[in-house]
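Student: I would like a close look at a single part of this model, followed outward into its surroundings. Please keep it plain.

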Amino acid sequence: AAKAHLVSKEKKQVNPAPPKGWATFTFADLKTQTAPIDAEKAIVFFNGAVPGWHVALSSSIPRRKIVHQLTYHLNTLSPDRPTVVLLLGAGCEGKTTALMQAAYAILEQNQSWRILRRADEGRKVDHEELIPFLQSGDNWIVVVDEADNAARGLVSTLQQLPEQVRGKVHV
């Protein structure tokens with residue numbers, strides 16, 4: 001006699017696609033970006049090129065001193081409120097590198113969290129697009145470089161976050 005096999009009909013949670021102009025990253029995604037880089041890429045970086053994840057997180061690039069301060073600041077604040085950290089500095093001082101390194105360091109400590117990074121720096125931040133996405137149930141680190149043109153949209157987004165999501169979104 002043939003045995004009946006029960007097939008599990010678990011519903012797998014599918015995260016929605018990020019809003020246009022944004023990209024998501026997990027710890028596993030970024031862990032693959034920590035390999036050493038070759039001398040040519042290092043020279044381009046140290047000559048002022050904007051780094052990608054593979055450069056900013058490379059074991060060839062020293063961790064900026066501010067990274068520890070940024071991660072400590074986030075980890076010591078209230079877990080029931082969104083956190084906003086602003087990093088200011090002169091051009092070509094390594095703010096983007098520090099921002100990316102800090103975001104990764106936070107994920108190293110909280111590997112179930114995710115990063116939502118603005119990929120199109122010219123795109124305005126629209127709370128109507130972001131809020132539904134941020135309600136996925138995940139904890140988010142929202143990474144925004146060149147945030148001067150995003151500040152109003154970020155404030156609007158944080159002000160309108162539903163109560164149950166407030167401690168799960170950090171910028």
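In which strand does Arg 117 lie?

Tutor: Arg 117 lies in strand β2, which covers residues 114–118. The model is predicted, so local features need pLDDT of at least 70 and side-chain atom pairs count only at pLDDT 80 or more, while totals for chains, interfaces and linings use all residues. Residues are numbered from 1 along each chain as its sequence is written, and side-chain values use heavy atoms, with hydrogens and water left out.

Strand β2 belongs to a protein chain with seven helices and four strands (DSSP runs numbered from the N terminus: H or I of at least four residues for helices, E of at least two for strands). Along the sequence the pattern is β-α-α-α-α-α-β-α-β-α-β.

Arg 117 is buried (under 20% relative accessible area with a 1.4 Å probe, protein chains only; over 50% is exposed, and partly exposed lies in between). Despite being buried, Arg 117 has no salt bridge (a side-chain nitrogen of Lys or Arg within 4 Å of a carboxyl oxygen of Asp or Glu). The nearest side chain of opposite charge is that of Asp 145, 4.5 Å away (Lys and Arg count as positive, Asp and Glu as negative; His and the chain ends are not counted).

Leaving aside neighbours within four places in sequence, the residues in contact with Arg 117 include Gly 21, Trp 22, Ala 23, Phe 25 and Trp 53 (contact means heavy atoms within 4.5 Å). Thr 96, Met 100, Val 143 and Asp 145 are also in contact with Arg 117. In the protein chain, 76% of the contacts with a separation of 6 or more are between residues 24 or more positions apart.

Two of these contacts, Thr 96 and Asp 145, recur at the largest pocket, where they are among the residues closest to its centre, together with Leu 87, Lys 95 and Leu 99. A pocket is an open set of points on a 1 Å grid over the protein atoms alone where a 1.4 Å probe fits, with protein on both sides within 12 Å along at least five of seven lines; lining residues have an atom within 4 Å of a point. The volume of the largest pocket is about 1,000 Å³, taken as the space filled by probe spheres set on the points. Its lining has 44 residues, and α5 (95–109) gives the most, with seven. Among the other elements that give two or more are α4 (66–75) and β3 (140–143).

Strand β2 also holds Arg 114, and this residue does have a salt bridge: its side chain meets that of Asp 138 at 3.0 Å, N to O. Asp 138 lies in the loop between α6 (127–134) and β3, so the pair ties together parts that are 24 residues apart in sequence. Both partners are buried, Asp 138 with a relative accessible area of 16% and Arg 114 at 10%.

The count of salt bridges comes to three. In one of them, Arg 123 pairs with Glu 129, the closest N and O atoms being 3.2 Å apart; Arg 123 is partly exposed at 25%, and so is Glu 129 at 30%. Another joins Arg 166 and Glu 163 at 3.9 Å, N to O. Arg 166 is partly exposed at 24%, whereas Glu 163 is exposed at 61%.
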